[in-house]
There are 2 protein chains.
Amino acid sequence: MSKAIPSRSEDYSLWYNELVKKAGLAENSPVRGCMVIKPYGFAIWEKMQQTLDKMFKDTGHSNAYFPLFIPKSFFSREADHVEGFAKECAVVTHYRLKNDEENGGVVVDPDAKLEEELIVRPTSETVIWDSYKNWIQSYRDLPLLINQWANVVRWEMRTRLFLRTAEFLWQEGHTAHATKNEAIEETEQMLNVYADFVENFMALPVTKGVKTANERFAGAVETYCIEAMMQDGKALQAGTSHFLGQNFAKAFDVKFANKEGKEEFVWGTSWGVSTRLMGALIMAHSDDDGLVLPPNLAPIQVVIVPIYRKDEELAAISEVAEKFASELRSKNISVQFDKRDTHKPGWKFAEYELKGVPVRIAIGPKDLQKGTVEIARRDTKEKQFVQQSDTVGFVEKLLQEIQENIHNKAKSFEQENTHKVDTYEEFKELLKKDGGFIYAHWDGTSETEEKIKQETKATIRCIPLNSEKEEGTCIYSGKPSTQRVLFAKAY
Amino acid sequence: MSKAIPSRSEDYSLWYNELVKKAGLAENSPVRGCMVIKPYGFAIWEKMQQTLDKMFKDTGHSNAYFPLFIPKSFFSREADHVEGFAKECAVVTHYRLKNDEENGGVVVDPDAKLEEELIVRPTSETVIWDSYKNWIQSYRDLPLLINQWANVVRWEMRTRLFLRTAEFLWQEGHTAHATKNEAIEETEQMLNVYADFVENFMALPVTKGVKTANERFAGAVETYCIEAMMQDGKALQAGTSHFLGQNFAKAFDVKFANKEGKEEFVWGTSWGVSTRLMGALIMAHSDDDGLVLPPNLAPIQVVIVPIYRKDEELAAISEVAEKFASELRSKNISVQFDKRDTHKPGWKFAEYELKGVPVRIAIGPKDLQKGTVEIARRDTKEKQFVQQSDTVGFVEKLLQEIQENIHNKAKSFEQENTHKVDTYEEFKELLKKDGGFIYAHWDGTSETEEKIKQETKATIRCIPLNSEKEEGTCIYSGKPSTQRVLFAKAY
């Protein structure tokens, strides 16, 4: 297989786009802004889904399903919410087509106009809180801990595969609680679940924080987020968890009788991650030869490639390969034995490199003689010969090692590209050079935030949760500040 | 808990509607024709999904995801297809709302009209075959075996929870093959997968057959189906598998170079089952006290209810209960130990009966003394005392027995309500009385089929696959016929 993709240094953006397509992850569809997630890409997403779904269930959540469509009047009930989403809504206005030869064949039937337009959900708070009104009467009905896996639509003018698409897949948790504290605890718990997932499965370090008022979810009191650094130094928001206060409870009149029999409005949260995580996974670890997948999310963890000329050789190699495959599978390791005769070993090596398969085992006639196999790891490209008797244990350990190594590499990269800055000059200089994460003082006003964004394209990614209080002065206005915030250019 | 639902004999239709709501499976949403699938209902659907998904993967299929929206021009490309679906399409015409106080607040922005309207997918053949055009060049790219789990929208005027809703969840398989025979084999294989699933997991016997031309999927050459009998004698179509011939390949110009290098159009299939199966599951087995779930699909297979007055009693019972729970769980049996003090045992008994939990274990202070537990099965309502030392093995066997018993009961019911009929008088008489499945001769014309439907509301459910050839005369026209077909009133 010839070199499939441009290098990162040539054109990082093109590298990403081509990698997504060439590795068989996704492609643009002829439907404006919508993508097709191809089987290999979807297999990774399924692993993400299964892992997250288990984490949600382990923390007491159940799945449910709410309608795709939201009546316009519902959608408008929470003022900030509609303000935030109105500009990017797909609207259903009719429910029938008809044949009209004079007007070019099949047309929308003007007689089938809906009385009230329906919005294709960009997020489901409104339609869900409308249901919660009927589900919640007493403190005994709380907490209500529900998650939904769904497709949502936000009409985007500039789209990029996985990172920003008009339709995307996600999960949205929507919970209801009796007290403010409990709702805040839930918001923070789910942020931690996301952070655990991204660190331990996606092998990507994250910074936890809260958004500024400007960047807050439309309708939330507080938006928590995790931010991860990509290889070009830009930040990518990998998940958000919102404390909704009583905003949606008030908009949809959701009250409960507390233990004393007094009526109160319910407290809410919502939280979500999306197929955007696929973009983060690809961008964070991959190299100029293709994907680098952390073993914990790789659909194929080990590929076995036979090297042979004659059919008798293949038969002998297959016997050994099938034995390894079944032993590895019994340890829950996913293995593909690729004995297709339509492609040469070199082509297969390049193909599995492109697809980011963590471990490749090659077996040839010489290996059979010597009782060895050749094992190559995708992350560092190191190869070594291993005794057949040691292979299964070696691979098991190697997969863990690769998972850790990928994480450590991303962590080092993030550390190298994170800076504290005390003047606006330094700030602008850094952004021109390397980008990365910049911790700087900020005066807390939206005006300053907006000005910095206009002048440098960097935004406040978050006010970090775990950073220490520190007296300082805003790099832009010189006004006093008590904490550094995280600035970066972002996806 | 007071009697929650009307009886089947009182009002079968109301019984179903109330059961779906009271058992916490689903409810109508304020969005016209759309339902909310509640957590308990969704948990059953998830079990169906997981089981089917494994069956699809075991037969070589991969999951992928295609856009929700289909441009109107694509949709119109296959003539029969658009003819079949045009009357029930939700159409997106705009992509933005705006604030317009004079016209009542938030309105659709007339400046944000789409150049080409988008159809919310009622099924995805068109958008998928448009992708296949780029994915398939040579015989090496075939077969292409893809499945998608998705929501689809068909605008229905009269809706019923699970059975007929404007939006529903389903899976749609879309495969492409080099030869006609291979495509037909795939169509039949997937019909068999569906039949296996419905028989062995849903515990419901099915009749396999092909649809008449009238009832064929819009765009298919042949539609295979499985039909199941509900407790009111009506038929419910539980799954369909379509042989598409080269219709979509021709509409979307999907050709491949065969081994001889010659270009040919690709052969296609598509197949689907939906949340309608939930309706079938509920209707087929449940009784006047609530759901009866086959153990293979029950989210909770065993519930343990403690019977106690004093807290010390609960502590002692809990010890035994937790031991059983963990032993059962180690055998992959899902167990809920309900020690809530907010509800009495009698309330809990009724609740789990309503929810169709297959096995209930009750443990009281006397049981502790005697070393027994009381085990009740949901299907027959039989109760018996079992030695604690035998409990785990007993429950394991009982779950299998219940699965078989539910299936046998449905099978007997189907047999009792299946009749061969040779005259139109008998035919009408039977339909007036009991309904059920009627095997009768038909002359093979759409005219006769249509007339019988108008006069009796019974339709040809299928031309059964495994029925013997038999000379006869059409019950309606008296013309010659070579095979009996299956008539029934249907959901």
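This section describes the arrangement of two chains, the interface between them and the strand pairing in a predicted model.

Superposition relates chain A to chain B by a turn of 180 degrees combined with a shift of 0.0 Å along the axis, and the resulting RMSD is 0.0 Å. The two copies are thus related as by a two-fold rotation axis. Within chain A, the residue that comes closest to this axis is A:Val92, whose C-alpha lies at 2.1 Å. The same residue takes part in strand pairing between the chains, where A:Val92 stands opposite B:Val92 in β5(B). The strands concerned are β5 of chain A (residues 91-94) and β5 of chain B (residues 91-94), which run antiparallel and are joined by 3 bridges.

The contact between the chains involves 62 residues from chain A and 62 residues from chain B. Of the interface residues of chain A, 100% are also interface residues in chain B, so the copies meet through the same surface. The size of an interface is often given as the accessible area lost when the parts come together. For chain A and chain B, the area buried between them is about 4,900 Å², with 69% of it on carbon and sulfur atoms. A:Tyr65, A:Tyr95 and A:Leu97 account for 13% of the area that chain A buries against chain B, more than any other three residues.

Polar interactions also cross the interface. Between chain A and chain B, 28 residue pairs are in polar contact, with both residues at pLDDT 80 or more. On the side of chain A that touches chain B, 39 residues are nonpolar, 9 are polar and 14 are charged. The interface contains 2 salt bridges. A salt bridge links A:Glu46 with B:Lys57, and the closest N and O atoms of this pair are 3.1 Å apart.

Chain A also contains an open sheet of 11 strands with mixed pairing, in the order β3-β9-β10-β16-β13-β12-β11-β24-β27-β23-β22. At the edges of this sheet stand β3 (62-63) and β22 (418-420) of chain A, each with a single partner strand, so one side of each is left without a neighbour in the sheet. Among the pairings in chain A is that of strand β13 (residues 235-245) with strand β16 (residues 267-274), which is antiparallel and extends over 5 bridges. In this pairing, A:Ser241 has A:Trp271 in β16(A) as its bridge partner.

Definitions and conventions:
Residues are numbered from 1 along each chain as its sequence is written. Chains are lettered from A and ligands numbered from 1 in the order in which they are written. This is a predicted model: local features need pLDDT of at least 70, side-chain atom pairs count only at pLDDT 80 or more; totals for chains, interfaces and linings use all residues. Side-chain values use heavy atoms; hydrogens and water are left out. Copies are superposed by least squares on the C-alpha atoms of residues with pLDDT of at least 70 in both. Contact means heavy atoms within 4.5 Å. Two strands pair if DSSP finds at least two bridges between them. Helices (H or I, at least four residues) and strands (E, at least two) are DSSP runs, numbered from the N terminus. Buried area is the accessible area (1.4 Å probe) that two parts lose on being put together, summed over both. A salt bridge is a side-chain nitrogen of Lys or Arg within 4 Å of a carboxyl oxygen of Asp or Glu. A polar contact is a pair of N or O atoms within 3.5 Å; within protein, one must be able to donate a hydrogen and the other to accept it, and residues adjacent in sequence count only if both atoms are side-chain atoms. Ala, Val, Leu, Ile, Met, Phe, Trp, Tyr, Cys and Pro count as nonpolar, Asp, Glu, Lys and Arg as charged, and the others, Gly among them, as polar.
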